[in-house]
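Visitor: Please show me the structure, and let us then go through it by question and answer.

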Amino acid sequence: MKNTPISRFLLGLVAALILCSVSRAEVLKIVVNDTIQPITEEYISRAIDEAQRRNDQAVLIEINTPGGLVESTRHIIEKITSSPVPVILYVAPTGSRAGSAGIFILEAADVAAMAPGTNAGAAHPVLIGPFAPKVDDEMKRKIENDTAALMRSVAAKRGRNVEVAVSAVLESKAFTEQEALSQHLIDYVASSEDDLFRQMEGKSFKRFNSREVTLKLSGQPMMLFGMTLKEKILDFLMDPNISFIFLAIGALALYAEFNHPGAVVPGTVGIVFILIAAFALNLLPTRFAALGLILAAFALFAAEAKFATHGVLTIGGIALITLGGLLLVDSPIPEMRVHLLTALAVSIPLGFITAFLMSIALKARRNKMVSGAQGLIGETGIAQTPLSPRGKIFVHGELWDAVSSSDLAAGQPVVVRHVDGLLLQVDPVSVTRHAPAAAVP
């Protein structure tokens, strides 16, 4: 190629692209400060795929979790153990934990580390909520053995202390960072990421496929890989308390729409909120019987307004919504269940509001109609022409054809007794009764 300005420009452009590719981040970092659930699983999986695409040296997962769902945990472990990019799990900052499901992920990582003042463990499987029936001893043993086998598999393959790791499952043991290090559950205790990378310098570790790998990460650039907007929204909705509140607001809005047909706005809000709640609950271990309790509560609120039981049915409805909220999500950890305070904060106002709305609607239906033709019955007016027996009267601001039960002179007050199409049937009113002023014809 000739040494022309265009060729020099192209060579410079290629060189710049090469330098950019060389100077890109060599460690992809993600932060998991949440329960282990489907959105966490998607986030971790997407980060590992991105690190593979970028050909990064390692994925660093900084974690602080109370635990989460067993199924999501298994999928995350599968993704980590099959990752072509080494995965470093770091329990940080100080005060964090890798509880329950978190310790499974910790043991599955290529390199496991904890910051000072952190802990891990207490991974005994709990698959039912506080109000669910107890499983029998045989089923309990099956669940425990299945979970313990998962721990043995990942700990043994990583060359860690299998017996101690299994004790976190079968005996619900938890470990400080020093206890975990001394019993060979983790590889390092590090005060920071830089400290961790310095300790790892020049030391090899065995990957899940038994291949020895040595990483040199000190001084390497790091890129923080965040959640997408969709993941952030879904992660927010995956909080069972938020889903329960959305469900309650949606139900209340639909309730208002049913009592005031044609309002449109309450119905639209109700459908949107209920669909959002349904989408989130579909990703969580939801008890559909609890939804039945919530629907039964609204039936009690409607019955209260109709039968006026002086609050007995309203209290029953509040109790059903509270119980339905507490049973709504069948999670192994309290952080993924609806809290009692949330259930009460939603059910008590909801109960009184719905009962109040229903009582207003029923009262309105019992009241005499005050509009249209039926609204004229009982109204008084003035005979504008002699009624013998037919003529015209002025009533309710309008001129009507009328027929009287007796002959009446013009200007005499009358009262409407019946409406027959556009013809009013009237009777004379006592002259001592005050009548509305007549309009000038």
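**Overview of the chain**

Guide: The secondary structure of the chain amounts to 14 helices and 16 strands; helices (H or I, at least four residues) and strands (E, at least two) are DSSP runs, numbered from the N terminus. This is a predicted model, in which local features need pLDDT of at least 70, side-chain atom pairs count only at pLDDT 80 or more, and totals for chains, interfaces and linings use all residues. Residues are numbered from 1 along each chain as its sequence is written, and side-chain values use heavy atoms, with hydrogens and water left out.

Visitor: What percentage of the residues in the chain is buried?

Guide: A residue is buried at under 20% relative accessible area, exposed at over 50%, and partly exposed in between (1.4 Å probe, protein chains only). The chain has 441 residues, and the buried share of them is 45%.

Visitor: In which order do the 6 strands of the open parallel sheet stand?

Guide: Two strands pair if DSSP finds at least two bridges between them. The edge strands of this parallel sheet of 6 strands are E8 and E11, each of which pairs on one side only. The order is E8-E5-E3-E2-E1-E11.

Visitor: Which residue of E5 stands opposite Ile88?

Guide: Strand E3 (residues 87-91) and E5 run parallel and are joined by 4 bridges. Opposite Ile88, the residue in E5 is Val111.

Visitor: Which residue in E8 is the bridge partner of Met114?

Guide: E5 is also joined to strand E8 (residues 188-189) by 2 bridges, and these strands run parallel. Ala113 has Tyr188 as its bridge partner in E8. For Met114, the partner in E8 is Val189.

Visitor: Are the residues on the two faces of strand E5 buried or exposed?

Guide: Strand E5 comprises residues 111-114, with Val111 and Ala113 on one side. Ala112 and Met114 are on the other side, and both faces are covered. All four of these residues are buried.

Visitor: Which strands are at the edges of the sheet with the order E4-E6-E7?

Guide: This open sheet has 3 strands with mixed pairing. Within it, strand E6 (residues 119-121) and E7 pair in the antiparallel sense over 3 bridges, and Ala120 stands opposite Phe175 in E7. The edge strands, each pairing on one side only, are E4 (97-99) and E7 (174-176).

Visitor: At about what angle does helix H4 run to E4?

Guide: Axes are lines fitted to C-alpha atoms, for helices over the stretch in contact (heavy atoms within 4.5 Å). Angles run from 0 to 180 degrees between N-to-C directions. Helix H4 (residues 101-108) lies across E4 and E6, and its angle to E4 is about 105°.

Visitor: Why does Ile249 count as partly exposed?

Guide: Ile249 lies in helix H10, one of the elements that give two or more residues to a nonpolar patch, together with helix H11 (265-283). Ile249 counts as partly exposed because its relative accessibility is 37%.

Visitor: Why does Gly219 count as exposed?

Guide: Gly219 is placed in the loop between strand E10 (212-214) and strand E11 (222-224). Its C-alpha atom is separated by 8.6 Å from that of Phe197, 22 residues apart along the chain. Gly219 counts as exposed because its relative accessibility is 80%.
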